[in-house]
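Student: I would like a close look at one part of this model, the helix packing. Please take one helix pair as the starting point and work outward from there.

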Amino acid sequence: MEDIWRQLEAELDRAKSLPEIEQVRIKYLGRKGVITVLAKNTDFGKLSAEEKKSFGQRLNSLKSRAEEAVRAAAERASREAVPQDGATGGPDLSLPGTDRRLGAMHPISLVQRELEDIFQGMGFRVLTGYEVETEYYNFDALNIPPDHPARDMQDTFWLEDGRLLRTHTSANQVRALEQFGAPIRAIFPGRCFRNEAMDASHENTFYQLEGLLVDRDISVAHLIGVMKTLLSAVFHKEVTVRLRPGFFPFVEPGFELDVQCLICGGVGCATCKRSGWIELIPCGLVHPRVLEFGRVDTSAFSGFAFGLGLTRLAMMKFGIPDIRLFNSGDIRFCEQFPVSM
């Protein structure tokens, strides 16, 4: 081991550039490196317990010293590669930066990032799905068979190969359960598509955020607690909400959580259809059949799911009166909003 260390030191002294140092690292610490092979080829079965302990400690020490030596050599080579003040051949990295911001963040992106931070703080993982989905995950696995009337509520864009543009981010529920099992806490933000008649509050392309929590002994009380924490964090104030019974095939019982319109203050406007309320969060306890499709033991686990309209939430948060502005492509629209939340 001392011979290996002396040889490594000598080669690092001769290596002047980052590529040369990387070659030394690979030679000694790579997958087939000298130190790696030494550890793999040693027959520990022939060593006594004391010899194993001594050998392991010395080998770990050698590896740590080698990694630190390579790291120090790389830092030295990086410093020497930076031109000094007045030198030519490269930019002066000591000069202050210049703000050359191009474009602006879209308000939906701002809201999505904020929600991801909030949910990650509550232990949720952020997952993505497919905008082009199969009929199974978009409908069948969510307890919506071909003859179910709920399919009539979603005017779907079908593709020639039998797939479709997903109508909701709920399509990720069973995919996540199949991949990660239970317990699970996850959110699925993304874009959805429906053949809607466009007006101030409806678009054929919009954004949702699906949430799923499956664990032992989950009840409606857990759902309400998460929703209240979410809304108070998003709007940075207390908001007026109401919970109404609602039907969704993949939850039982199901609810509609409405928020009082923050644009008109509940008086009534075009955005809230003169009702004073905005349907914001469909939610409920996950239907046992959905858990079964996800191969989850329904005798041990339960959960809740919710679907949050990112587009409508951005309208509420920023006071945007017309949903069609989001997809207008007008940079002046985006430039009105803060770079970060």
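**Helix packing and its surroundings**

Tutor: Helices α5 and α8 are oblique to each other. This is a predicted model, and the helix pair is described first by its geometry. Helix α5 covers residues 107–121 and helix α8 covers residues 220–235; the two pack at an angle of about 135°, with their axes 10 Å apart. An angle over 145 degrees would count as roughly antiparallel, and therefore the pair at about 135° is classed as oblique. The crossing of α5 and α8 has a right-handed sense. On the α5 side the contact is made by E114, L115, I118 and F119, and on the α8 side by V226, L230, A233 and V234. Of these contact residues seven are nonpolar, none is polar and one is charged.

Helix α5 has a second packing partner to consider, helix α10, which spans residues 310–318. Here the angle is about 100° and the axes are 9 Å apart. That value makes α5 roughly perpendicular to α10. From α5 the contact takes in P107, I108, L110, V111, Q112, E114 and L115, while α10 contributes L310, T311, L313, A314, K317 and F318. The residues of this contact divide into nine nonpolar, two polar and two charged. E114 and L115 of α5 appear in the contact with α8 and also in the contact with α10.

The chain is divided into domain 1, residues 2–82, and domain 2, residues 107–334. The C-alpha centres of these domains lie 52 Å apart. Another helix pair to set beside those above is α2, residues 18–29, with α3, residues 34–41. Their axes come within 4 Å and cross at roughly 5°, which makes α2 roughly parallel to α3. K27, Y28 and L29 in α2 meet V34, I35 and T36 in α3. By class, the contact residues of α2 and α3 comprise four nonpolar, one polar and one charged.

Next come some backbone details, starting with the loop that leads into α8. D217 is found in the loop between β5 and α8. Its phi is near 60°, a positive value in a residue other than glycine. Most residues other than glycine have a negative phi, and most peptide bonds are trans. Two cis peptide bonds can be listed as well, one joining A182 and P183 with omega about 5°, the other joining E252 and P253 with omega about 0°. P183 lies in the loop between α7 (172–180) and β4 (184–193), whereas P253 has its place in strand β7, residues 251–260.

Strand β5, residues 205–215, contains T205. The side chain of T205 is joined to that of N204 by a polar contact of 3.1 Å. Leaving aside neighbours within four places in sequence, T205 is in contact with R191, C192, F193 and N327.

To return to the starting point, α5 packs against α8 at about 135° and against α10 at about 100°. The first pair is oblique and the second roughly perpendicular.

Methods. Residues are numbered from 1 along each chain as its sequence is written. This is a predicted model: local features need pLDDT of at least 70, side-chain atom pairs count only at pLDDT 80 or more; totals for chains, interfaces and linings use all residues. Side-chain values use heavy atoms; hydrogens and water are left out. Axes are lines fitted to C-alpha atoms, for helices over the stretch in contact, and angles run from 0 to 180 degrees between N-to-C directions. Angles under 35 degrees count as roughly parallel, over 145 as roughly antiparallel, 65 to 115 as roughly perpendicular and the rest as oblique. A crossing is left-handed if the near helix is turned anticlockwise from the far one by less than a right angle, and right-handed if clockwise. Contact means heavy atoms within 4.5 Å. Ala, Val, Leu, Ile, Met, Phe, Trp, Tyr, Cys and Pro count as nonpolar, Asp, Glu, Lys and Arg as charged, and the others, Gly among them, as polar. Domain bounds come from an automatic or database domain assignment. A polar contact is a pair of N or O atoms within 3.5 Å; within protein, one must be able to donate a hydrogen and the other to accept it, and residues adjacent in sequence count only if both atoms are side-chain atoms.
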